[in-house]
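Biologist: Got a minute? I'd like to walk through this one with you.
Modeller: Sure, let's put it on the screen.

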Amino acid sequence: MPPGDSRRLDPALLFTLVLLAAVMFQDPVRGALASPAAQSWMTVFVAVVVQALPFLVLGVLLSAAIAVFVPPSFFVRALPRRPALAVPVAGAAGAVLPGCECASVPVAGALVRRGVAPAAALAFLLSAPAVNPVVLTATSVAFPDRPGMVLARFVASLLTACAMGWLWQCLGRADRLRPPSRPSYGARGGGAAFWGSVRHDVTHAGGFLVVGATAAATLKALVPARWLSAAADHPVLSVLVLAALAVVLSICSEADAFVAASLTQFSPTARLAFLVVGPMVDLKLFALQAGTFGRAFALRFAPATLALAVLFSALTGAVLL
């Protein structure tokens with residue numbers, strides 16, 4: 001056996017050790033799970049996961065089908081030649097990619113490789129995770145008593161995407177946008193490419209859904225209500241707090257509406273900021289953008305996107321919510 005292999009922990013052995021630990025400490029574990037805080041945590045966690053999972057699966061399947069079977073050249077033919085006009089068209093075209101932000105980054109990279117204006121490709125990258133039908137349907141289900149949230153999310157997200165596209169067209173520099181060179185799933189057979197894309201999105205989006213549900217449940221169960229109330233009662237601070245929370249939690253856009261719906265102590269405008277910022281600026285998306293387009297691009301693009309997302313969320317919330 002090579003020396004490196006001896007350092008690897010067998011998953012079966014790890015699972016056995018966890019089971020033995022659970023049996024040995026079952027009384028303390030049972031007592032902890034019976035506490036009101038643990039009961040509240042489990043209720044919120046299960047509710048978020050169960051509500052979001054169908055939309056996550058549907059989005060992954062549709063995203064994989066489009067990424068594999070719709071050629072990137074289709075978007076080149078569909079977009080106007082003038083970048084100023086291509087930006088809003090590309091932003092609206094984000095509705096045809098029913099996937100999360102993990103899927104929009106490689107698609108935007110493919111568009112750049114096929115000759116689409118970078119401003120239009122970036123508008124598509126930002127709008128696709130937030131204005132597609134799966135995400136908007138999930139938002140409607142998560143906010144059944146507030147139908148205006150769906151329209152507000154669509155408007156604020158589309159405005160932010162178009163504004164960032166136009167901003168890049170005016171101020172962006174080609175040397176700060178490193179086009180991706182890695183192969184896409186399309187280089188493989190149709191079935192293999194489809195299931196490869198599905199596995200990729202399920203691994204990433206499913207993991208982030210669990211992390212997001214865990215964070216939401218922990219926030220709901222353990223953080224003192226007076227702390228959240230102090231931020232929630234302040235109109236400006238509440239928006240900034242939930243925008244920052246969206247960046248840190250990095251929740252898939254197909255699941256974030258259910259997390260936002262659980263933050264009932266915050267205003268609708270603050271929760272709108274959570275929904276608009278998350279699919280455009282979060283930690284995993286920053287890493288994906290840096291890996292696809294270069295770190296110099298991501299370090300400039302992400303802060304500008306965050307500022308515009310917060311601004312348009314506040315304005316849209318004031319008008320529609």
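Biologist: Let's start with H14. What covers its buried residues?
Modeller: The cover for the buried residues of H14 includes helix H8 (133–142), H9, helix H12 (235–249), helix H13 (256–262) and H16. Keep in mind that this is a predicted model.

Biologist: How many residues of H14 are buried?
Modeller: H14 spans residues 268–277, and 10 of its 10 residues are buried. Among them are Pro268, Thr269, Arg271 and Phe274.

Biologist: Let's stay with Phe274. Which residues is it in contact with, leaving aside neighbours within four places in sequence?
Modeller: Phe274 is in contact with Leu242, Leu245, Ala246, Leu249, Ile251, Asp256, Val259 and Ala260.

Biologist: And the largest nonpolar core? Which residues have the most contacts inside it?
Modeller: Those are Phe266, Phe274 and Val277. The core has 68 residues. Apart from it lies another core, of 5 residues, including Val44, Phe45, Ala213 and Ala217.

Biologist: Why would such side chains end up together?
Modeller: In soluble globular proteins, nonpolar side chains tend to be buried together.

Biologist: Zoom out for me. How many helices and strands are there?
Modeller: The protein has 16 helices and 0 strands. It has 321 residues, and 45% of them are buried.

Biologist: What about the surface? How much does the protein expose?
Modeller: About 15,300 Å². Carbon and sulfur atoms supply 71% of that.

Biologist: And contacts along the chain?
Modeller: Take contacts between residues at least 6 apart in sequence. Of these, 82% join residues at least 24 apart.

Biologist: Can you give me some pairs?
Modeller: Take Val198, in helix H10 (residues 190–222). The C-alpha atoms of Val198 and Ala65 are separated by 8.8 Å. Along the chain, Val198 and Ala65 are 133 residues apart. Another pair is Val248 and Gly278, 30 residues apart in sequence. C-alpha to C-alpha, Val248 and Gly278 are 8.8 Å apart in space.

Biologist: Is Val198 buried or exposed?
Modeller: Val198 counts as buried, because its relative accessibility is 8%. Buried means under 20%.

Biologist: And Val248, buried or exposed?
Modeller: Val248 is in helix H12. It counts as exposed, because its relative accessibility is 55%. The cut-off for exposed is over 50%.

Biologist: Now Pro83. Where is it found?
Modeller: Pro83 is found in helix H5 (residues 83–93). Its relative accessibility is 26%, so Pro83 counts as partly exposed.

Biologist: What does Pro83 touch, not counting residues up to four places away in sequence?
Modeller: Pro83 touches Ala117 and Gln169. The C-alpha atoms of Pro83 and Ala117 are separated by 6.2 Å, with their positions 34 residues apart along the chain.

Biologist: New topic: empty space. How many cavities of 30 Å³ or more are there?
Modeller: The count comes to 1. About 40 Å³ of space lies in the largest cavity.

Biologist: Which residues line the largest cavity?
Modeller: Ala246, Leu249, Ser250, Ile251, Asp256, Phe274 and Gly278. So Phe274 turns up again, as a buried residue of H14. By class, the cavity lining divides into 4 nonpolar, 2 polar and 1 charged.

Biologist: Now the second largest pocket. How much space lies in it?
Modeller: About 170 Å³. The pocket is lined by 12 residues. Trp168, Leu171, Gly172, Arg300 and Phe301 lie nearest its centre.

Biologist: Which helix gives the most to that lining?
Modeller: H16 does, with 5 residues. Helix H9 (148–171) and helix H16 (295–320) each supply at least two residues of the lining.

Biologist: And by class, what does the lining of the second largest pocket have?
Modeller: It has 8 nonpolar, 1 polar and 3 charged residues.

Biologist: Last stop, helix H15. Which of its residues are buried?
Modeller: H15 covers residues 283–293. The buried residues are Lys284, Leu285, Gln289, Ala290, Thr292 and Phe293.

Biologist: What comes just after H15?
Modeller: Gly294 does, and Gly294 takes a positive phi of about 110°.

Technical notes:
Residues are numbered from 1 along each chain as its sequence is written. This is a predicted model: local features need pLDDT of at least 70, side-chain atom pairs count only at pLDDT 80 or more; totals for chains, interfaces and linings use all residues. Side-chain values use heavy atoms; hydrogens and water are left out. Helices (H or I, at least four residues) and strands (E, at least two) are DSSP runs, numbered from the N terminus. Buried means under 20% relative accessible area, exposed over 50%, partly exposed in between (1.4 Å probe, protein chains only). Contact means heavy atoms within 4.5 Å. Accessible areas come from the Shrake-Rupley method with a 1.4 Å probe; for residues, only the protein chains shown count as cover. A nonpolar core is a set of buried Ala, Val, Leu, Ile, Met, Phe, Trp, Tyr and Cys residues joined through side-chain atoms within 4.5 Å. On a 1 Å grid over the protein atoms alone, a cavity is a set of points where a 1.4 Å probe fits but cannot get out, and a pocket is an open set with protein on both sides within 12 Å along at least five of seven lines; lining residues have an atom within 4 Å of a point. Grid points are joined across faces, edges and corners, and a volume is the space filled by probe spheres set on the points. Ala, Val, Leu, Ile, Met, Phe, Trp, Tyr, Cys and Pro count as nonpolar, Asp, Glu, Lys and Arg as charged, and the others, Gly among them, as polar.
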